[in-house]
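Visitor: I should like to take a close look at one part of this model, namely its salt bridges. Please guide me through them.

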Amino acid sequence: MNFKVFAVVFALAGSGLAAQQSVNVPLDQASSVAAQALVAGDAALALQIAEAVLVQRPDDRTALIVVAAAAPRLGDAARGRAAGARAFAVSQSDAQKYEAARLTALAAANDQRYTLATFWLRRALTVAPNEQERNRTLNDARGVTRLNPWSTNLSFSLAPSNNVNGGAEDEASTAPGNPTGTLSADAQAIAGWRAVLTFNTSYRLHQSRESRTTVGAQYRATRVRITDDIDIPDETFTTDYYELSLRHERVLENGTLTLRAARALYSYRDLDGPSGAQVLNDEQYDIWRLGIDRRVPLNAQTALSFSVGREWQEYQNRGIGEVNRVTLGTGFVHQLASRDRIGGNITVVDSKGDSVNYTSQDLTLSGNYRWAEPMGPIILGLGGGFRWSDYPDYNLLFAVTGGRQDRTVFANADIGFPEISYAGFTPGLRIDASRTDSNVSRFDRTSFSASLTISSQF
């Protein structure tokens, strides 16, 4: 069957465009002619031919590819996206799928559909033919992410732990000035699995060379599966966290200034009643936060940071009431000649609550080190520190003589596996360990957990 089109006729010697005229072209060759017209720079003619082919052959992949490439150049990005998506569906090899996915992403980006472009670049990564093309697509995805006013992240971790509830090591309850007793089962360390799902999204309201303003939302859900043989429902340790936030960043002559505000709600379960007849109550508290962060570079390798935060918590539980908290922090980060990074932080928190058990002062010293180069198949970061907490008027039915004092040492390791990735996501392993010694035995605890994490490369 012949197919009459306006086609580009090329000289056999490949010397370029020779003429443009009406010719009869076999249908089997028309898609190739359309592709040649596109290469020659005549997007309108290429689109005309390809669309005519698709009338008779809706799944002609070459014609679909031509439309995916040509339509956005002529202002019809939606048609280009649709053709690219269909080309991906009918592709027979990874190389063909890669080509179609990238063209679809380009059409979406040209239409400022950056989230959709990111989706198709992730699909391209799953079928990238080699490392060079994979890196090319990764770089393109990072560029699209910078342009996108929407930023969305979804993370999940699953961790076995010897202490999913932050319970005490011993069943005995001791404290200065208090009679010795026995802790309830839910106050003692319980082994199990902890799963955490976190969803973050933010939208850039404004951006210029000097400032940026974003609004964001976060949801975090924690679920626990108890593995100890204990008569406590898993739902006891269910928590949900919701947050709306506003953030403004401004570039100053020396560093940056960030203003932040947030409104949050934290809901949890609470066991109430005598042992054997305990019931689960839904509890929650409201949170308001304000903060200022300042970052000051000392040179190209070193920067200092300072932060001031104010937080108000209002508990639904009348026995707790309100808690007002002030946080002060300072830190540094330094890049070594090896490009490894070392950092440290000092944080002071002063809390005043309607309940004496929520009035405390905390001091935390922490440090971290992250290697720039992989160590074999992994990327490694280590951290740790000490925390001192003082509750001057702590009460356990009776006042604790001298108050409650906790001393905590903690350490963590972040292990990434950059050679293992799918669609721009890479797995990781987060290991956390801590040991708390307190003069109130309820808070003597040791915890260890290893979490599987998933993170995005862009």
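Visitor: Which residues are linked in a network of salt bridges?

Guide: In this predicted model, the network of salt bridges links Glu243, Arg289, Glu311 and Arg325. The count for the structure comes to 24 salt bridges, and several individual pairs merit attention.

One of them joins glutamate 51 to arginine 79, with 3.0 Å between the closest N and O atoms. Because glutamate 51 belongs to helix 2 (residues 43-56) and arginine 79 to helix 4 (residues 77-90), this pair ties together parts that are 28 residues apart in sequence. Glutamate 51 is partly exposed, its relative accessible area being 26%; arginine 79 is likewise partly exposed, at 25%.

Another salt bridge is formed by aspartate 240 and arginine 223, whose closest N and O atoms lie 3.2 Å apart. Here the link is between strands: aspartate 240 is in strand 8 (residues 239-252) and arginine 223 in strand 7 (residues 211-226), so that distant parts of the chain, 17 residues apart, are connected. Aspartate 240 has a relative accessibility of 12% and therefore counts as buried, since the cut-off for that class is under 20%. Arginine 223, at 36% relative accessibility, counts as partly exposed.

A further salt bridge brings together the side chains of arginine 404 and aspartate 406, with an N to O distance of 2.5 Å. Both arginine 404 and aspartate 406 are buried.

Methods
Residues numbered from 1 in each chain as written. Predicted model: local features only at pLDDT ≥ 70, side-chain atom pairs only at ≥ 80, totals over all residues. Heavy atoms only, no water. Salt bridge = Lys/Arg side-chain N within 4 Å of Asp/Glu carboxyl O. Helix = DSSP H or I, 4+ residues; strand = E, 2+ residues; numbered from the N terminus. Buried < 20%, exposed > 50% of the residue type's maximum accessible area, 1.4 Å probe, protein only.
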